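Here's a quick tour of some side-chain and helix packing. Have the viewer open and follow along.

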Amino acid sequence: MKPTPSVVRHALPALRLDPQGHRHVDLRAVLALALPLFLNSSLQVVLNLTDTWFIGHLSTAAMAAMAACYYLIFMFFLLLGGVGIGVQAIVAQHFGAENDSAVGRTTWSGLWAALATTPLFLLIGYAGPALLAIFDLPPEVHDLAASFWFPRLLGGPLSTLLFALNSFFNGISQPRHTLWIMALVALSNALLNEWFIFHWHLGMAGAAWGSTAAQAIGVVIAGAVFLRPTFRARFHTGRTWRPHWPSIRQVFAIGIPTGLFPAMDVVGLGLFQLMQVKLSAVDGAATQIVMMLTSVSYLPAIGIALAGTTLVGQSIGAGDKSWAEACARVIIRMAVLYMGVVGVLLALSASWVVPPFLTPGDPQGAQVMALCISLLWIAAGYQVFDALNLSSAFCLRGAGDVRVPTLLLLACSWGIFLPLCHALTFSPGQGWVNFLPQWGWGATGGWLSAFAYAFCLGLALWARWRSGAWKRISPLTQTQ
């Protein structure tokens, strides 16, 4: 691949020239960007497993309650938090175009947009018990889930602020700041969970209060780094704080579909988990444990995919879409390889990794253990295609292509996953929708439907990237 004359070489990310002047993707540079993002996303695994470990030591009912509400809460965090997540693609393109003041202004626009989500998070927090009542959960599970809901939703605006600040660091290829900030959040979360759950005896609610307080600590630290003298001098982070309405509108235009994409994915997963909880506490608890274990591959792979957003965005900002394509190929292969290997390793080690999440002496523990072992093998296949989905989607995000991928996800989730999951999970008379067929395969059927969903969505998004339709989208640097 020879260099394009109109492209400024030093502006292209991960570029290596051989002695003949041909361009190659510098794998060391890609790893230098991806590794901190990978480790940062791995810290989210620590956060999830910390909450799961603490709640697992309360009771099986508490674990089922977490399964009932975890993905619904996460859905709202992503849906409204998209205005923070979408900042990365815009920042990356401005950084690639060497428009430093626009980088700072875009980040502040993301922060203003994040603050605007506060009333919606409060409204959803107060509506929690009514929303959970729709799913006709067992009374004990409903009450435990409701106690977790409100204090966790209070952390929504804080999460969105943190998304925006971390998107700034990631978009300018300095993810080490994100890594250290989230490491402090993970440490704070573990300490605060211990304090709120056991020392203040708040149970499920204590886990939520601990996570929300940890996010507040993260926002304070990230804000201080964002305003450090180095960034104030280069990106004018101390002078671009006033609301800039064209930039704020762009953040919403990119952020809403950006957040809608993972939010609708999470809605599907949340309803999938609710079906398992409705089936039985054993099915619900096993599904929650397997979901938390598979996050060992899923969340770090998000770090790899985030590197794709930055590399593609910076390449497009620098004016070279063919280089964006070359970087994306490397990212997609890395993600698929990682998730595939980890998925198989988890399935092989099920008898060692599952027991720490079981309540000692629980009479249902043996049933949960046996079910987890079989589900982890289905999850191993699911993760290969989920990696294709993640990496393709995040590369498309870097190019500003967010609407069509969201429509593809909606079609696969609501048209394939949820109807198939309902049909395969419930026996006749058990389900929510009587006109659908019900074959009664339990949690095994639910996970088989999840595999079918990942297969269809992964191939669809990969085909979207390969089609090159994203090349016809105007750079985000030209739309403010």
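What follows covers ring pairs, charges over rings, a helix crossing and a few backbone oddities.

Keep in mind that this is a predicted model. Let's begin with the rings: searching the whole structure turns up 21 aromatic pairs. One of them is F76 with W149, whose ring centres sit 6.2 Å apart with planes at 80°; that is over 60 degrees, so the pair counts as edge-to-face. It's a link between distant parts of the chain, since F76 belongs to helix 2 (residues 60–85) and W149 to helix 7 (residues 139–153), with the two positions 73 residues apart in the numbering sense of being 73 residues apart. Both F76 and W149 are buried.

Now try F231 and F235. Their ring centres are 6.1 Å apart and the planes make 45°, so this pair is tilted. Here the two partners share an element: F231 and F235 both sit in helix 11 (residues 229–235), 4 residues apart, or about one turn of the helix. F231 is buried at 2% relative accessible area, and F235 is buried with a relative accessible area of 2% as well.

Which residues do ring pairs link into a cluster along with F231 and F235? The other members are F95, W108, F168, F169 and F226.

A couple of arginines lie over ring faces too. R228 is over the face of F231, 5.8 Å from the ring centre, so F231 has a charge within the 6 Å limit as well as its ring partner F235. R397 lies over the face of F394, at 4.1 Å from the ring centre.

Next up, helix packing. Two packed helices are described by the angle between their axes and the distance between the axes. For helix 8 (residues 156–171) and helix 10 (residues 203–226), the axes come within 9 Å and cross at roughly 35°. The crossing of helix 8 past helix 10 is left-handed. On the helix 8 side, the contact is made by L158, S159, L161, L162, L165, F168 and F169. Helix 10 brings T212, Q215, A216, G218, V219, A222, G223, V225 and F226. What does that contact look like by residue class, nonpolar, polar or charged? It splits into 11 nonpolar, 5 polar and no charged residues. F168, F169 and F226 take part in this contact, and these three also belong to the ring cluster.

F169 comes up again around T178, a residue of helix 9 (residues 175–199). Is T178 buried or exposed? T178 is buried, with a relative accessible area of 1%. Leaving out residues up to four places away in sequence, T178 touches N40, N166, F169 and N170.

Finally, take a look at the backbone. S173 and H236 each have a positive phi although neither is a glycine. Here they are side by side:

| Residue | Phi | Location | Relative accessible area |
|---|---|---|---|
| S173 | about 65° | loop between helix 8 and helix 9 | 32%, partly exposed |
| H236 | about 55° | loop between helix 11 and helix 12 (245–279) | 22%, partly exposed |

S173 is in the loop that joins helix 8 to helix 9, the helix that holds T178. H236, for its part, is in the loop between helix 11 and helix 12, and helix 11 is where F231 and F235 are found.

Terms used. Residues numbered from 1 in each chain as written. Predicted model: local features only at pLDDT ≥ 70, side-chain atom pairs only at ≥ 80, totals over all residues. Heavy atoms only, no water. Phe/Tyr/Trp six-rings, centres within 6.5 Å; stacked < 30°, edge-to-face > 60°. Buried < 20%, exposed > 50% of the residue type's maximum accessible area, 1.4 Å probe, protein only. Lys NZ or Arg CZ within 6 Å of the ring centre and 35° of its normal. Axes fitted to C-alpha atoms, helices over the stretch in contact; angles between N-to-C directions. Left-handed = near helix turned anticlockwise from the far one by under 90°. Contact = heavy atoms within 4.5 Å. Nonpolar A, V, L, I, M, F, W, Y, C, P; charged D, E, K, R; others polar.
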